[in-house]
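Open your viewer, switch on a cartoon view with side chains on demand, and let's take a walk through this structure together. Each stop says what to select and what you will find there.

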Amino acid sequence: MMKKVIQTLNKLVSEGIIGKYAIGGSIGAMFYTETFSTKDVDVFVLPQMMPSGVVHLGAIYDYLRKSGFKMEGQYFIIGGVPVDFVAVYNDLTLEALGNTVELSYEKIKVKVLRPEYLSAIALQTGRSQDLKKAGLLSAEAGLDKELLKDILKRHGLSKKWREYIGR
Amino acid sequence: MAGKRALFKEAAKFNEKIFESKKRMRKVWAKRPMEVKLRELVKLQEITAALHPELRRLIPWKLSD
């Protein structure tokens, strides 16, 4: 069923509905860590900007609705999996979407956020489940420490990281 | 007292070994293919739902066929 999600995301790109996407959140992290509990798939996308400056995810919604996918609350249910489309919301998430990794799932190419960006985003979000995710990535993902340090520094997260490590 | 201290020392060593082995296993799991990890996730969710049917509605999805 995850295969259906990835096929749909790749179709959104090939049909020009979105420029790029990348799986983030817990499922994104799980590409690099052990299994842990989660309830949805977070997909980061670059939305269209309206002349008024309002972020617009409507093209994705229209396309998926026309393709027969249903919405439940904030999620689109694709192949039985709740998918949450997250429009990039700051410099960090925008940069993360520009530096993704191409991995494979059931022989299909899938774009995933780099583990260093997943860590930084988790740290910036800062809820307990996010910090747990950052901890797992730090212990298991074989992070590029120089890259992580650079990301944290440029996005003003170095102090937060030191505090987190010092716990 | 000295006997107890030696026992605690042994227990600490044992704990350390268990911790190390768990850490190694976690790293092994982290390197498994995503397909395997998601199957494991579904299995964990099914076990949770079987043990706690009241949680079924909180586990609305399956990631594999």
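## Helix contacts in chain A

Select Glu116(A), Tyr117(A), Ser119(A) and Ala120(A) in α5(A): they meet Leu147(A), Leu148(A), Ile151(A) and Leu152(A) in α7(A). Sorted by class, this contact of α5(A) with α7(A) holds six nonpolar residues, one polar and one charged. Before going on, please keep in mind that you are looking at a predicted model.

Now show the two helices whole. Helix α7 of chain A covers residues 145-154, and its axis comes within 9 Å of that of α5(A), crossing at roughly 35°. The handedness of the crossing of α5(A) and α7(A) is right-handed.

Stay with Glu116(A), which sits in helix α5 of chain A. Is Glu116(A) buried or exposed? With 22 other C-beta atoms within 10 Å, Glu116(A) is buried, because 20 or more are enough for that class. Leaving aside residues up to four places away in sequence, Glu116(A) touches Leu143(A), Asp144(A), Leu147(A), Leu148(A) and Ile151(A). If you like to try the distance tool, pick the C-alpha atoms of Glu116(A) and Leu136(A): they are separated by 12 Å, while the two residues are 20 apart along the chain.

## The other partner of α5(A)

Next, add residues 128-140 of chain A to your selection; this is helix α6, which packs with α5 (residues 115-125) at an angle of about 150°, their axes being 8 Å apart. How do the two helices run relative to each other? At that angle α5(A) is roughly antiparallel to α6(A), because angles over 145 degrees fall into that class. The crossing of α5(A) and α6(A) is left-handed.

To see the contact itself, select these two groups:

- from α5(A): Pro115(A), Leu118(A), Ser119(A), Ala122(A), Leu123(A) and Thr125(A)
- from α6(A): Asp130(A), Leu131(A), Lys133(A), Ala134(A), Leu137(A) and Ser138(A)

Colour them by class and you get seven nonpolar, three polar and two charged residues for the contact of α5(A) with α6(A).

## Following the strands

Hide the helices and select residues 21-24 of chain A, which form strand β1. Which way do the residues of β1(A) point? Tyr21(A) and Ile23(A) go one way, Ala22(A) and Gly24(A) go the other, and all are buried.

Strand β2 of chain A, residues 41-45, pairs with β1(A) in the antiparallel sense over four bridges. Here Tyr21(A) stands opposite Val45(A) of β2(A).

Val45(A) is also a handy signpost to another strand, since you can step from Val45(A) to Ala87(A), which stands opposite in β7(A). Select residues 81-87 of chain A to bring up β7, which pairs with β2(A) in the parallel sense over five bridges.

From β7(A), move to residues 75-78 of chain A: this is strand β6, which runs antiparallel to β7(A) and is joined to it by three bridges. Phe76(A) has Val83(A) as its bridge partner in β7(A). The hairpin of β6(A) and β7(A) has two residues between the strands, and Gly79(A) there takes a positive phi near 55°.

## Two positive phi values in a loop

For those who enjoy backbone torsions, centre on the loop between β8 (101-105) and β9 (108-112) of chain A, where you will find Glu106(A). Lys107(A) lies in that loop between β8 and β9 as well. Although it is not a glycine, Glu106(A) has a positive phi of about 45°. Lys107(A), not a glycine either, has a positive phi of about 65°.

How many C-beta neighbours does Glu106(A) have inside 10 Å? There are 13, so Glu106(A) counts as partly exposed. Lys107(A) is exposed, with 7 other C-beta atoms within 10 Å.

## Across to chain B

Finally, bring chain B into view. Its secondary structure comes to two helices and zero strands, and buried residues make up 11% of its 65 residues.

Select the interface: 17 residues of chain B are in contact with 17 residues of chain A. On the side of chain B that touches chain A, α1 (2-30) and α2 (34-51) each supply at least two residues. Which helix gives the most to that side? It is α2(B), with seven residues. By class, the residues of this side of chain B divide into nine nonpolar, one polar and seven charged.

Key:
Residues numbered from 1 in each chain as written. Chains lettered and ligands numbered in written order. Predicted model: local features only at pLDDT ≥ 70, side-chain atom pairs only at ≥ 80, totals over all residues. Buried ≥ 20, exposed ≤ 12 C-beta atoms within 10 Å, placed from the backbone. Pairing = 2+ DSSP bridges. Axes fitted to C-alpha atoms, helices over the stretch in contact; angles between N-to-C directions. Parallel < 35°, antiparallel > 145°, perpendicular 65-115°, else oblique. Left-handed = near helix turned anticlockwise from the far one by under 90°. Contact = placed C-beta atoms within 7 Å. Nonpolar A, V, L, I, M, F, W, Y, C, P; charged D, E, K, R; others polar.
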